Each structure stands twice: as C-alpha cells, then as structure tokens.
Amino acid sequence: MRKRPLCTAAVAVLILLAAVNIWFESAISNPCTLRRIIPDASQVTVTGQVKRWEEKPDYRIFYLRDCQVLQKENNTNSDRQSVNKQFKEQVKAKVLQEPELLIYIEQDQKETQTIKLGNQIQIQGELSYFKEARNPGNFDQKFYYEKQGLHASIWVKNCRITDQETWKFREWLAKLRRNWKRLLVSQMGARHGNSMSAILLGEKSELDAQMKALYQKSGIGHILAKKCTNGYICVQC
C-alpha cells in the first residue's frame, strides 16, 4: 500500500464515506424528542422565527427556526373530599425546543399576507408527523424531511406576529424572486412561464404536472432540482 498512495487515499475516502453514512442513518432512525413526548394530532402552540416560505395555490408553507412548542393536557379527576363532588381540572404544560418546524397556513388568513422573513410568529394548530413510505418505491416523506432537520408539520388555525423584526436583505431577495416569476408568467403565459420559473428560480409550486412528468421521463428532471436548506438536492417538492 505504501507504493500505491492513490489506492490508500481511495480506501480512506471509502471508509470515511461509510462512517458518515452510518452516522447519518442512525441519526435519521432515532426519533426526535418531540415525537417521543408529544403524540401525533395534538393541539399545540408554537413560537418561532420565519426562516423562509413558499407559496402554493391554496396555502403557504413557512419554515420556522428556534421553535418553542407548548402542549397543554387537560386531565379531570374527581375530588372525593369535596361535598359537591365537583371536578377539578389539572393543566400540565409540556414545553419543548425544536430546531425547525414546517407550518402550513391557508391563503385566506389575513396574517399570512403580512408575514416577512425574520418575523417572530406564534401559531396554534394540529401537529402531525411525517409518514414513512408504505410500499417500496413510494415517496418516503419522513426520510425526505428529516434529512433536512424537519420532524413535524402543523396546519395553522390561528396566527399572529409577535416580533416585527425583518431580515431586510433576504426579504428583498424574496420579493425580487416573486416579481421575476410574475414577469415570466405575464410574458410567457402560465404554462411556459411557470416552467421557466421552475428552471431559473426553483419555484415549482405552480408547475404543470404533465410538464414535470415529461421532464422526468425524458431524463432531464435534474434541471428542476434545487438545493434544500441543508445542501441536499431536491427534485421531489
């Protein structure tokens, strides 16, 4: 091996990649603290900072960072010592810290239109965890989001902004991206404009489904790929 330094380097790289892969798979397989403590479909209150957001036809997806998750459990126990046998309500609060969460807010909520990058918001809604693929070859939602550091999503019922501080430069770039997309759609039409915005801007929320399937079948679906927040290449969303 001493006489073949390139072979030694290749073996070292393979060992390193194997170690990273084992560590990554173990990190994905271990359930997060949130999943272990708060059950699925629980009503929670979450406070976090808006990291980025995406616009869909009927709703918007907000990525929150530095989240504080609060769940209240109401347990009613009979007070046997009471003459009237009234019920007492014991409220237990579970407060957890979660790095990031995925938030879905419907477009008709007024607060949605005023939320900007960097704002601190507080939302209330139902928490749900991402599902694993039921059949081989199906899209594994759990693996896809957990590799981005996202373990749960929330459909929002109530939302309010608690801190108006804004990341001005990032917000300006986001506005530039949205205006660029509107210009492409207005000049090229909805079908071709949305296709071009998917290629140039990575904005695929309104990309025609048949057009997307055509790109994938032709083997050029990679031109629609974009980098997720952790650097992974994404062609699913």
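Rings of Phe, Tyr and Trp, the last by its six-membered ring, pair if their centres lie within 6.5 Å. With that in hand, welcome to a few close-up views of this predicted model.

**View 1. Phe130, Phe139, Tyr144 and Tyr145 gather in one aromatic cluster.** The structure holds eight aromatic pairs. Tyr144 and Tyr145 make an edge-to-face pair, with 4.8 Å from centre to centre and 70° between the planes. The angle counts as edge-to-face because it is over 60 degrees. If you like to classify such geometries yourself, a pair of aromatic rings is described by the distance of the centres and the angle of the planes. Are Tyr144 and Tyr145 buried or exposed? Tyr144 is buried at 7% relative accessibility, and Tyr145 is buried too, with a relative accessible area of 12%. Both get that label because buried means under 20% relative accessible area.

**View 2. Asn119 sits in a loop between two strands.** Strand 3 (87–106) comes before this loop and strand 4 (120–129) after it. Asn119 has a relative accessible area of 1%, so it counts as buried. What does the side chain of Asn119 reach at 3.3 Å? The partner is the backbone oxygen of Gln164. A polar atom of the Asn119 side chain also lies 2.9 Å from the backbone nitrogen of Lys116. Beyond its neighbours within four places in sequence, Asn119 is in contact with Gly48, Gln49 and Val50, with Thr114, and with a further group made up of Ile161, Asp163, Gln164, Glu165 and Thr166. Gln164 thus appears in this view both as a contact of Asn119 and as the owner of the backbone oxygen that the side chain reaches.

**View 3. Arg170 of helix 4 is shown with Lys116.** Along the chain, Arg170 and Lys116 are 54 residues apart, while their C-alpha atoms are separated by 9.4 Å. Lys116 is also the residue whose backbone nitrogen lies 2.9 Å from the Asn119 side chain in the previous view. Arg170 has 47% relative accessibility, so it counts as partly exposed.

**View 4. Phe169, Trp172, Leu173 and Leu176 form a nonpolar patch on the surface.** Together, these four residues have about 450 Å² of accessible area. Where is Leu176 placed? Leu176 belongs to helix 4, which covers residues 168–201. Its relative accessible area is 42%, so Leu176 is partly exposed. Residues of such a patch need over 30% relative accessible area, and Leu176 has 42%.

Technical notes:
Residues numbered from 1 in each chain as written. Predicted model: local features only at pLDDT ≥ 70, side-chain atom pairs only at ≥ 80, totals over all residues. Heavy atoms only, no water. Helix = DSSP H or I, 4+ residues; strand = E, 2+ residues; numbered from the N terminus. Buried < 20%, exposed > 50% of the residue type's maximum accessible area, 1.4 Å probe, protein only. Polar contact = N/O pair within 3.5 Å; in protein donor to acceptor, adjacent residues only side chain to side chain. Contact = heavy atoms within 4.5 Å. Patch = residues over 30% accessible without salt bridge, like charges linked within 9 Å, V, L, I, M, F, W, Y side chains within 5 Å. Areas by Shrake-Rupley, 256 points an atom, 1.4 Å probe, with all protein chains shown as cover. Salt bridge = Lys/Arg side-chain N within 4 Å of Asp/Glu carboxyl O. Phe/Tyr/Trp six-rings, centres within 6.5 Å; stacked < 30°, edge-to-face > 60°.
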